[in-house]
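Open the model in your viewer and keep the sequence panel beside it. Each stop below gives a selection and then what to look for.

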Amino acid sequence: MRKLTVNIILILSLALLSFPASAQRTMSGQPSLHTSVLYNGQSVCAEAFYSQYTLNGYWQAGIEGKKYHVPISTGSRLDYIHTVVSSGYMYRVAGTRNRLLNYYMGGRVFMGVELTDPLHALPDYISTGLNPVSFLYGVAPRMDLEIFFSRNCAFLLSAGIPVNFSSRVTWFHYEAGLGLKIVL
């Protein structure tokens, strides 16, 4: 039994050491595309980004669509949607030598629109006093974990706290996400 355990550990160790060099997986200048689904405590949302690796991380630019709601005194809820363009930089904090696993911290800045009650779900006799469309901007601190399962494809696990400076409904949200990254 001991000999079998030692053999299994030896085979797994050799398999982990046989992966290609890290520079070929996330080298500086390497572009990638990623899409993620996010859960913000109220709904499932989506984002899509183009990114490019640098020596110490990657920059990214893309679009995000998020839906939220808040309860109102009548027992109904006020739905609102954020549609934004976003850009930022993620610093590589830690990673394995072969870059199979990378941990990033950084953030984004965003701007876009906030749509209040976009489907007109509230009855006509309820007035929110809010404009149906308003300008939105803010920052989004974030952490990402990148796990490569093949040479050009990785899973992304993320967590963040977008801060909406111009939202008329609420400023803070949390989000957790799961995504797929394809290195081009």
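Select Asp144 and Arg142. Their side chains meet in a salt bridge, with N and O 3.1 Å apart. This is a predicted model. Asp144 and Arg142 are both buried. The pair belongs to something wider: salt bridges with shared partners join Glu47, Glu64, Lys66, Arg108, Arg142, Asp144 and Glu175 into one network.

Keep Arg142 and add Glu47. These two also form a salt bridge, and here the closest N and O atoms are 2.9 Å apart. Now colour by element along the chain. Glu47 sits in strand 2, while Arg142 sits in strand 6 (residues 133-148), so the salt bridge links distant parts of the chain, 95 residues apart. Both Glu47 and Arg142 are buried.

Next, add Arg108. Which residue forms a salt bridge with Arg108 at 3.1 Å between the closest N and O atoms? Glu47 does. Again the pair links distant parts of the chain: Glu47 is in strand 2, and Arg108 is in strand 5 (residues 101-116), 61 residues apart. Is Glu47 buried or exposed? Its relative accessible area is 3%, so Glu47 counts as buried. Arg108 is buried because its relative accessible area is 4%. Opposite charges can pair in this way when the charged atoms come close. For the full set, display every salt bridge in the structure: a search finds eight.

Step one residue along, to Ala48. Ala48 lies in strand 2, which spans residues 44-54. Check its surface. Ala48 has 33% relative accessibility, so it counts as partly exposed. Now show its contacts beyond four places in sequence: His34, Thr35, Gly62 and Ile63. Pick Gly62 from that list. Ala48 and Gly62 are 14 residues apart in sequence, yet their C-alpha atoms are 5.6 Å apart.

Move to the nonpolar side chains. Select Tyr53, Tyr58, Met90, Leu100, Tyr104, Phe148, Ala154 and Val183. These eight residues make up the largest nonpolar core. In soluble globular proteins, nonpolar side chains tend to be buried together. Centre on Tyr58. Which residues does Tyr58 touch, leaving aside those up to four places away in sequence? They are Ser51, Gln52, Tyr53, Gly88, Tyr89, Met90, Tyr104, Asp144 and Lys181. Three of these names, Tyr53, Met90 and Tyr104, are also in the core. Asp144, from the opening stop, is touched by Tyr58 as well.

Zoom out to the whole chain. Count the elements: one helix and nine strands. From the N terminus, the order is α-β-β-β-β-β-β-β-β-β. Of the 184 residues, 35% count as buried. Turn on the surface. The accessible area is about 10,500 Å², and 69% of it belongs to carbon and sulfur atoms. Then look at the contacts between residues at least 6 apart in sequence: 58% of them join residues at least 24 apart.

Finish by colouring on confidence. The chain averages a pLDDT of 79, and 78% of residues score at least 70. Where is confidence highest, and where is it lowest? Strand 7 (residues 153-160) is highest, at 90, and helix 1 (residues 2-17) is lowest, at a mean of 64. Now select residues 16-24. Over this stretch pLDDT stays under 50, and the model has ten contacts for it beyond four places in sequence. Where pLDDT is low, the predicted coordinates should not be read in detail.

Methods. Residues numbered from 1 in each chain as written. Predicted model: local features only at pLDDT ≥ 70, side-chain atom pairs only at ≥ 80, totals over all residues. Heavy atoms only, no water. Helix = DSSP H or I, 4+ residues; strand = E, 2+ residues; numbered from the N terminus. Buried < 20%, exposed > 50% of the residue type's maximum accessible area, 1.4 Å probe, protein only. Contact = heavy atoms within 4.5 Å. pLDDT = per-residue confidence, 0-100. Salt bridge = Lys/Arg side-chain N within 4 Å of Asp/Glu carboxyl O. Areas by Shrake-Rupley, 256 points an atom, 1.4 Å probe, with all protein chains shown as cover. Core = buried A, V, L, I, M, F, W, Y, C linked by side-chain atoms within 4.5 Å.
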